[in-house]
Amino acid sequence: MGIAISAAQVDPRVVSFLEKPRQMLINGRWVDSVSGKTFSTFDPSTGEVLAQVAEGDREDIDLAVKAARKAFDDGPWRRLTPSERGRLVWKLADLLEQHLEEFAYLESLDNGKPLTVARAADVPLAVDLFRYMAGWATKLEGHTIPISVPYTPGAKYLSYTLREPVGVVGQIIPWNFPLLMAAWKLGPALATGCTVVLKPAEQTPLSALLLGELILEAGFPEGVVNVVPGFGETAGAALAAHLDVDKVAFTGSTEVGKLIVHAAAGNLKKVSLELGGKSPNVIFKDADIETAIAGATSAIFFNHGQCCCAGSRLYVEKPIFDKVVDGIAERAQKIKVGPGLDAATDMGPLVSEEQLNRVCGYLASGAAEGAKALAGGKKHGDKGYFVEPTVLVNTREDMKVVQEEIFGPVVAAMPFEKPEDIVPRANDNVYGLAAGVWTNDINKAHRMAEHLRAGTVWINCYNIFDAALPFGGYKQSGWGREMGRDVLDLYTQTKAVCTRLG
């Protein structure tokens, strides 16, 4: 079967899932790709093959879009009441919760993240997201609007709005939080009545395919959710450009997001994008220093630094700079790096050899430009895709490690002297996804929050997410918001109805 795991190490249900080639879900059935091709997905802890997965291409995307179109236009999905639709989404959440262990193991194997993290965060957050969105199915309301129409004096009108699903949605998700990103996309689309073609990242397709099994078990009508694994250049590009897709939702790099926009222009489909980041994390001298050190450590090393909102640009007020960076470096050196299934592991491998080479390239660039590693700074071990948690000092704003998204466990630390000068420095980047502020001065905290050009500002905390809290970026970090009430705007459109009464 080509996998180097056993039931002694992994939930036996996961071993069984990996033993046979995984097909794609189209129109309520598991099918091979039209071409018959498959591709391998790898365990990043070892570099060894986990499973073979059907490789979707343009023809498979076309079949999936046709199935989604039929389900939206003519199928039973359109005739379900909002309450019935909400119950199906809630049932999916219940099933996911029942299969928590399987999904946690699968996320750890396919992505590399520690099993403990997948078990405590990724799967429960996905469950919570589906339940939150299930509640919105019955709360999508229009409005009655009194109108005047000065050119028809004396006429009476009944005018109101309807909030309707946008239609067939293509959703392309990344590899850093495979299950959670699937939930972020599917939850609101299903709650609002859309149908979906989901393309998981080629590096981590397995949890989306297992979720497809639960979607069928929950009783969603055929064609409502289709899951087509494949590569971005083929399946992803075909989905973004398809003329019968009404909207495309993408989470990933800013570079690819720009390609999505161009591909979507053919039929002017709606586009939402959750893209890259290079988030500033600002620590003032009046902060609770030990809390800020712990928070800044988590801000960059959580999920191996493979977070679009990672606090990768660290600005520390000069009087406390040495204490803070030494404290973060000390914590970094104590992080246990190892396979995700090892209970002692704090930080797993990067997702792929490509990502390993990318991060190591940035480490080399930083060193060449004069940066100094207080901790880490190189690849870890000789097997798998591990990088040491790294704290860089002697960095400047013009360095690549400061300006560009590394997407790995690397923080660039810089001191600042004048608090009034930090906002321009923090905003001096093409991204605007998130920011952190650490201070005990509540006025300063909220002034910073007002002036930072970021979609999320965390004050005296970091990486706090909730299904009710919108998440998205300014500038080149994206268009639109995931989660919360705001995400409903991405999957609905407003229709105005005007009736003359007399």
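This is a short chat about a predicted model, touching on its cysteines, a residue in a helix and a pocket.

Trainee: How many disulfides does the count come to?

Mentor: The count comes to 0 disulfides.

Trainee: Why is there no bond for Cys308?

Mentor: The closest cysteine sulfur to that of Cys308 belongs to Cys309 and lies 5.0 Å away, which is too far for a bond, because a disulfide needs the two sulfur atoms within 2.5 Å.

Trainee: And is Cys308 buried or exposed?

Mentor: Cys308 is buried, since its relative accessible area is 13%, and the cut-off for buried is under 20%.

Trainee: Switching topic, where does Val359 lie?

Mentor: Val359 is part of helix 13, which covers residues 353-368, and with a relative accessibility of 0% Val359 counts as buried.

Trainee: Which residues does Val359 touch, leaving out those up to four places away in sequence?

Mentor: Val359 touches Leu350, Val387, Ile406, Phe407, Gly408 and Val410; with Val410, the C-alpha to C-alpha distance is 8.3 Å, although the two are 51 residues apart in sequence.

Trainee: What about the second largest pocket, what volume does it have?

Mentor: The second largest pocket has a volume of about 320 Å³, and of the 16 residues that line this pocket, Arg85, Arg163, Glu164, Pro165 and Thr192 are the closest to its centre.

Trainee: Which element gives the largest share of that lining?

Mentor: Strand 5 does, with 3 residues, while helix 3 (76-79), helix 4 (82-98) and strand 5 (157-165) each supply at least two.

Trainee: And what does the lining look like by class?

Mentor: The lining of the second largest pocket has 7 nonpolar, 4 polar and 5 charged residues.

Terms used. Residues numbered from 1 in each chain as written. Predicted model: local features only at pLDDT ≥ 70, side-chain atom pairs only at ≥ 80, totals over all residues. Heavy atoms only, no water. Buried < 20%, exposed > 50% of the residue type's maximum accessible area, 1.4 Å probe, protein only. Helix = DSSP H or I, 4+ residues; strand = E, 2+ residues; numbered from the N terminus. Contact = heavy atoms within 4.5 Å. 1 Å grid on protein atoms, 1.4 Å probe; cavity = no way out; pocket = protein on both sides within 12 Å on 5 of 7 lines; lining within 4 Å. Points joined across faces, edges and corners; volume = space filled by probe spheres on them. Nonpolar A, V, L, I, M, F, W, Y, C, P; charged D, E, K, R; others polar.
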